[in-house]
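User: I'm new to this one. Can you walk me through it?
Analyst: Sure. Here it is.
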Amino acid sequence: MYKPLGFDGVQFHDDDVVPDLDRQSAAQVAQKAGKVSAVLSNQGLTPEFVAPRLWFAEQTVDGGYTFK
């Protein structure tokens, strides 16, 4: 529905695309994010992510998202 309404992008919160992000392996995150990326790409939409949880998630305690 976004494109017909004139939007070129979709805004997501940090864990909207991959729920329970902290409990997923790197492969699971990549797979789930890839599916959403394909849907957006097929519709000509660009994702934007806001409100990253850099201040409390174990993977981002040092600032950037990393997998252990």
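User: Start me off. Which residue stands opposite Phe49 in S2?
Analyst: That is Phe12. Keep in mind that this is a predicted model.

User: Where do Phe12 and Phe49 sit, and why does the pair tie together separate parts?
Analyst: Let me take the rings first. There are 2 aromatic pairs in the count. In one of them, the rings of Tyr2 and Phe7 have centres 6.3 Å apart and planes at 80°, so the pair is edge-to-face. Phe12 and Phe49 also form an aromatic pair, and this one is stacked, with 5.5 Å from centre to centre and 25° between the planes. Phe12 belongs to strand S1 and Phe49 to strand S2, so their pair ties together parts that are 37 residues apart in sequence.

User: Is Phe12 buried or exposed? And what about Phe49?
Analyst: Phe12 is buried, because its relative accessible area is 13%, and the cut-off for buried is under 20%. Phe49 counts as partly exposed, at 47%.

User: And the other ring pair, how do Tyr2 and Phe7 count?
Analyst: Tyr2 is partly exposed at 42% relative accessibility. Phe7 is partly exposed too, at 44%.

User: Let's zoom out. How many helices and strands are there?
Analyst: The protein has 1 helix and 2 strands. From the N terminus, the order is β-α-β. S1, H1 and S2 make a right-handed β-α-β unit.

User: How do S1 and S2 run, and how many bridges join them?
Analyst: They run parallel, and 5 bridges join S1 to S2.

User: Which side chains of S1 are buried?
Analyst: S1 covers residues 9-13, and its side chains alternate. Val10 and Phe12 point to one face and are buried. Gly9, Gln11 and His13 point to the other face and are not buried. In a regular strand, that alternation between the two faces of the sheet is what side chains do.

User: What about Glu48, where does that one lie?
Analyst: Glu48 lies in strand S2. At 42% relative accessibility, Glu48 counts as partly exposed. Glu48 and Val10 are 38 residues apart in sequence, yet their C-alpha atoms are 6.1 Å apart in space.

User: Now the inside. Which residues make up the largest nonpolar core?
Analyst: That core has 8 residues: Val10, Phe12, Val17, Val18, Leu21, Val29, Leu40 and Leu45. S1 and H1 are the elements that give two or more residues to this core.

User: And how much of the whole protein is buried?
Analyst: Of its 68 residues, 21% count as buried.

User: Pick Val17 from that core. Where is Val17 found?
Analyst: Val17 is in the loop between S1 and H1. Val17 counts as buried because its relative accessibility is 12%. Val17 and Val36 are 19 residues apart in sequence and 6.8 Å apart in space, C-alpha to C-alpha.

User: What else is in that loop between S1 and H1?
Analyst: Gln24 is found there, and Asp20 lies there as well.

User: Gln24 first. Buried or exposed?
Analyst: Gln24 is buried, with a relative accessible area of 14%. A polar atom of the Gln24 side chain lies 3.5 Å from the backbone oxygen of Asp20.

User: Then Asp20. What is the phi of Asp20?
Analyst: Asp20 has a positive phi of about 55°, although Asp20 is not a glycine. As for accessibility, Asp20 counts as partly exposed at 46%.

User: Last topic, confidence. What is the mean pLDDT?
Analyst: The mean pLDDT of the protein is 82. Of the residues, 74% reach 70 or more.

User: Which element has the highest mean pLDDT, and which the lowest?
Analyst: Helix H1, residues 26-42, has the highest, at 92. Strand S2, residues 46-50, has the lowest among the elements, at 86.

User: Anything to watch out for when reading the model?
Analyst: Yes. Where pLDDT is low, the predicted coordinates should not be read in detail.

Key: Residues numbered from 1 in each chain as written. Heavy atoms only, no water. pLDDT = per-residue confidence, 0-100. Helix = DSSP H or I, 4+ residues; strand = E, 2+ residues; numbered from the N terminus. Buried < 20%, exposed > 50% of the residue type's maximum accessible area, 1.4 Å probe, protein only. Pairing = 2+ DSSP bridges. Right-handed = clockwise from strand over helix to strand, strands pointing away. Polar contact = N/O pair within 3.5 Å; in protein donor to acceptor, adjacent residues only side chain to side chain. Phe/Tyr/Trp six-rings, centres within 6.5 Å; stacked < 30°, edge-to-face > 60°. Core = buried A, V, L, I, M, F, W, Y, C linked by side-chain atoms within 4.5 Å.
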